[in-house]
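Let's take a walk through this one and look at its backbone quirks, a buried spot and a pocket.

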Amino acid sequence: MAFWLQKPAKLLPPDQCNPGRATPNPQAAGPDALHYTKQTRLCEPFPEGLEVAIFGFGCFWCSEGALSDLDGIYSTSVGYAGGVTENPTYRDVCGGDTNHNEVVRVVFDPTKLPYAELLRVFWSSHNPCTLNRQGNDRGTQYRSGVYYFSEDQRLAAEASKVAYAGALVLAGRSKGPVSTEILPAPKYWIAEVAHQQYDAKPGSRDYCGLSPLGVACPPAQDWMTKQVPKAAAPAAAATA
């Protein structure tokens, strides 16, 4: 995607970011927009019993395609998250001064598709060892990230990260530390209509910026029992 611009190599201090605008992006998918192939809702409200997940792993055209056809997916959409800029546009994000990541929001039925299986697809579909880069796409908008909506999602994400790092080492495919950030889900800004389900539309570019390492994430039963607890808060200093 947009790798023709000179971009910062790391996230900027918030006061150096583009503040954005008070008015919504007029090209963004609207509240009643439907998924191009599934004809399901891209925005809330969603049917009862469904859950939401957000992942960032490179160009969102490509990452959405890796997830959208899984059995148990209600809908997918692409957008921007994790940055500073209000009501961002694609052009803003490609400028490199928003701190936003290109992300995929997944709405799924956990009785058909457990969150752990989404994580397995996430890890196996990209190279999580390249900081702020996926293939030829470079910049902080292409960073690897899992953004959780619950403590259960956080625990699963942390455990799967450890498991996948170990699998890369065992396979001799480790390219350095896994750089994936695992953070509470930030505000999600849905992207322009033109970017939604891009790869499924006639006339789309035959492009994939993902760079998977060819190593499958271990089965969930191997790591779901090894979840990583949150770091304990430091003990309060004793008072006299």
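## Before the first strand

P45 sits in the segment that comes before β1, the strand covering 51-57. This is a predicted model, so keep that in mind throughout. The bond between E44 and P45 is a cis peptide, with omega at about 5°.

Q39 also belongs to the segment before β1. Its phi is near 55°, which is positive even though Q39 isn't a glycine. As background, most peptide bonds are trans, and phi is negative for most residues other than glycine.

## N87 and D92

Where does N87 sit? N87 is in the loop between β2 (73-81) and α2. Here's another backbone oddity: N87 is not a glycine, yet its phi is positive, at about 50°. Is N87 buried or exposed? N87 has a relative accessible area of 12%, and buried means under 20%, so N87 counts as buried.

D92 lies in helix α2, which covers residues 90-94. Why does D92 count as buried? Because its relative accessibility is 12%, and the cut-off for buried is under 20%. Which residues does D92 touch, once you skip its neighbours within four places in sequence? The contacts of D92 are N18, R21, T85, N87, D97 and T98. So the loop residue with the positive phi, N87, turns up among the contacts of D92.

## The largest pocket

How much space lies in the largest pocket? The figure is about 250 Å³. The lining of this pocket has 14 residues, and the closest to the pocket centre are A28, A29, Y188, W189 and I190.

Which strand gives the most to the lining of the largest pocket? That would be β8, spanning residues 188-190, which supplies three residues. As for chemistry, the lining of the largest pocket splits into nine nonpolar residues, three polar and two charged.

## The annotated domain

UniProt has an unreviewed entry here, and it lists residues 53-208 as "domain: Peptide methionine sulphoxide reductase MsrA". What's the helix and strand content over residues 53-208? Across that stretch the chain is 28% helix and 24% strand. The C-alpha atoms at the two ends of residues 53-208 are 22 Å apart.

Note on methods
Residues numbered from 1 in each chain as written. Predicted model: local features only at pLDDT ≥ 70, side-chain atom pairs only at ≥ 80, totals over all residues. Heavy atoms only, no water. 1 Å grid on protein atoms, 1.4 Å probe; cavity = no way out; pocket = protein on both sides within 12 Å on 5 of 7 lines; lining within 4 Å. Points joined across faces, edges and corners; volume = space filled by probe spheres on them. Helix = DSSP H or I, 4+ residues; strand = E, 2+ residues; numbered from the N terminus. Nonpolar A, V, L, I, M, F, W, Y, C, P; charged D, E, K, R; others polar. UniProt positions renumbered as here; feature names shortened; annotations may be inferred. Buried < 20%, exposed > 50% of the residue type's maximum accessible area, 1.4 Å probe, protein only. Contact = heavy atoms within 4.5 Å.
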